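Student: I am new to this structure and would like a close look at one part of it. Please pick a place to start and work outwards from there.

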Amino acid sequence: MKNICPILLFLLICAAFSPSAEAGKVDTKAIPNKGIFGIKVAGTDQEYYGRADLVSSIAFQEYTTGTFIVSEVTVDMIGSGQLLRIYSTRVPGLSDAQNEAEHLRESANMLSNTGSLTTPSLPTLPSQLTRADQAVQNAANHAVAGMVVKVWPTTTHAKTVEFSVGSRAELQMFYSNFRDLLSGRPVQVKEDSVVLTAAEKSSGTNQSGITTVNQIGGALFTIE
């Protein structure tokens, strides 16, 4: 261990404490009252319950504060004086830099169609670098997740219920599952309450104990 450089040791520690693979969960048996839905953040006391027929909208957006990139889901309830916000914050990483570079390349490519520019493809980053960046991102996400800070009631968040979570992927899966059920699209759930992924559906693997639901009423959504 004495020969490991400090940066590499830090990355190894980050990887060791990184969250496990994400899996969106929808428990269809947790709430006997099928007119009610619930949302909970795993490992915390944060929960939200509401009437399924009073959900007016759900939205997903991303924005930057200058220091962080925020991924945010909002749920609005008819007649409620508060908005539910569930968000994940992260520091900009390699993937964000690559996305920005790709946008610039595409913009330049629009000019190259006139024959005035040639835009080479972006190079592929080494896998070791991307894995190290992901480990750091996971550790940073875990560090900023949890308790939401408010200065009541002077902040713009005074009339919101807010949950902070550590995984953008988990947040996206929650949004997709909630959106689909709100829209009446069927969602297939395994016995362990984990939603069947597109890859599992396309593989044709025989899955026993699958439950198909198409409404949010009676469902408890868990965000890891």
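**From one loop residue to the sheets around it**

Tutor: Ala219 is located in the loop between β9 (211-213) and β10. The model is a predicted one. Ala219 has a relative accessibility of 2%, so this residue counts as buried, the limit for that class being under 20%. Along the chain, Ala219 is 194 residues away from Lys25, yet the C-alpha atoms of these two residues are separated by 9.8 Å.

Lys25 leads on to a cavity. The count of cavities of 30 Å³ or more comes to one. The largest cavity holds about 40 Å³ of space. Its lining consists of Gly24, Lys25, Val26, Glu170, Phe174, Asn177, Phe221, Thr222 and Ile223. Three elements each give two or more residues to this lining: β1 (25-27), α4 and β10 (220-223). Sorted by class, the lining has four nonpolar residues, three polar ones and two charged ones.

Two of the three elements in that lining are strands of a sheet. The sheet is open and has four strands in the order β1-β10-β2-β3, with mixed pairing. β1 and β3 are its edge strands; each has a single partner, so one side of each has no neighbour in the sheet. From one strand to the next, the twist averages 20 degrees. At the β3 end of the order, β2 and β3 are paired in the antiparallel sense, with five bridges. Across this pairing, Gly38 is opposite Tyr49 in β3. In a regular strand, side chains alternate between the two faces of the sheet.

Next come the aromatic rings. A pair of rings is described by how far apart the centres are and by the angle between the planes. The structure has six aromatic pairs. In one of them, Phe37 and Tyr48, the ring centres are 6.2 Å apart and the planes stand at 35 degrees, so the pair is classed as tilted. Phe37 belongs to strand β2 (residues 36-41) and Tyr48 to strand β3 (residues 47-51), so this pair ties together parts that are 11 residues apart in sequence. Phe37 is buried, at 0% relative accessibility, and Tyr48 is buried too, with a relative accessible area of 14%.

Phe174 and Phe178 make up another of the pairs: their ring centres lie 5.6 Å apart and their planes at 55 degrees, so this pair is also tilted. Both residues are in helix α4 (residues 168-182), and being four residues apart there, they are separated by about one helical turn. Phe174, which appears in the cavity lining, is buried with a relative accessible area of 3%. Phe178 counts as buried at 0% relative accessibility. Ring pairs join Phe37, Tyr48, Phe174, Phe178 and Phe221 into a cluster. Phe221, like Phe174, is among the residues that line the largest cavity.

Helix α4 also leads to the rest of the picture. Arg168 is placed in helix α4. With a relative accessible area of 27%, Arg168 is partly exposed. The C-alpha atoms of Arg168 and Ser71 are separated by 6.6 Å, although the two residues are 97 residues apart along the chain.

That brings in a further sheet. Here, too, four strands form an open sheet, with the order β4-β5-β6-β7 and mixed pairing. Its edges are β4 (55-64) and β7 (160-164); each has a single partner strand, so one side of each is left without a neighbour in the sheet. Direction ignored, neighbouring strands here are turned by 20 degrees against each other on average. β4 runs antiparallel to strand β5 (residues 69-77), and nine bridges join the two. One facing couple is Phe60 and Val73, the latter in β5. Strand β6 (residues 83-90) runs parallel to β7 and is joined to this strand by five bridges. There, Tyr87 stands opposite Ser164 in β7. β7 is mostly covered, with four of its five residues buried.

Note on methods: Residues are numbered from 1 along each chain as its sequence is written. This is a predicted model: local features need pLDDT of at least 70, side-chain atom pairs count only at pLDDT 80 or more; totals for chains, interfaces and linings use all residues. Side-chain values use heavy atoms; hydrogens and water are left out. Rings of Phe, Tyr and Trp (its six-membered ring) pair if their centres lie within 6.5 Å; planes under 30 degrees apart count as stacked, over 60 as edge-to-face and the rest as tilted. Buried means under 20% relative accessible area, exposed over 50%, partly exposed in between (1.4 Å probe, protein chains only). On a 1 Å grid over the protein atoms alone, a cavity is a set of points where a 1.4 Å probe fits but cannot get out, and a pocket is an open set with protein on both sides within 12 Å along at least five of seven lines; lining residues have an atom within 4 Å of a point. Grid points are joined across faces, edges and corners, and a volume is the space filled by probe spheres set on the points. Ala, Val, Leu, Ile, Met, Phe, Trp, Tyr, Cys and Pro count as nonpolar, Asp, Glu, Lys and Arg as charged, and the others, Gly among them, as polar. Two strands pair if DSSP finds at least two bridges between them. Axes are lines fitted to C-alpha atoms, for helices over the stretch in contact, and angles run from 0 to 180 degrees between N-to-C directions.
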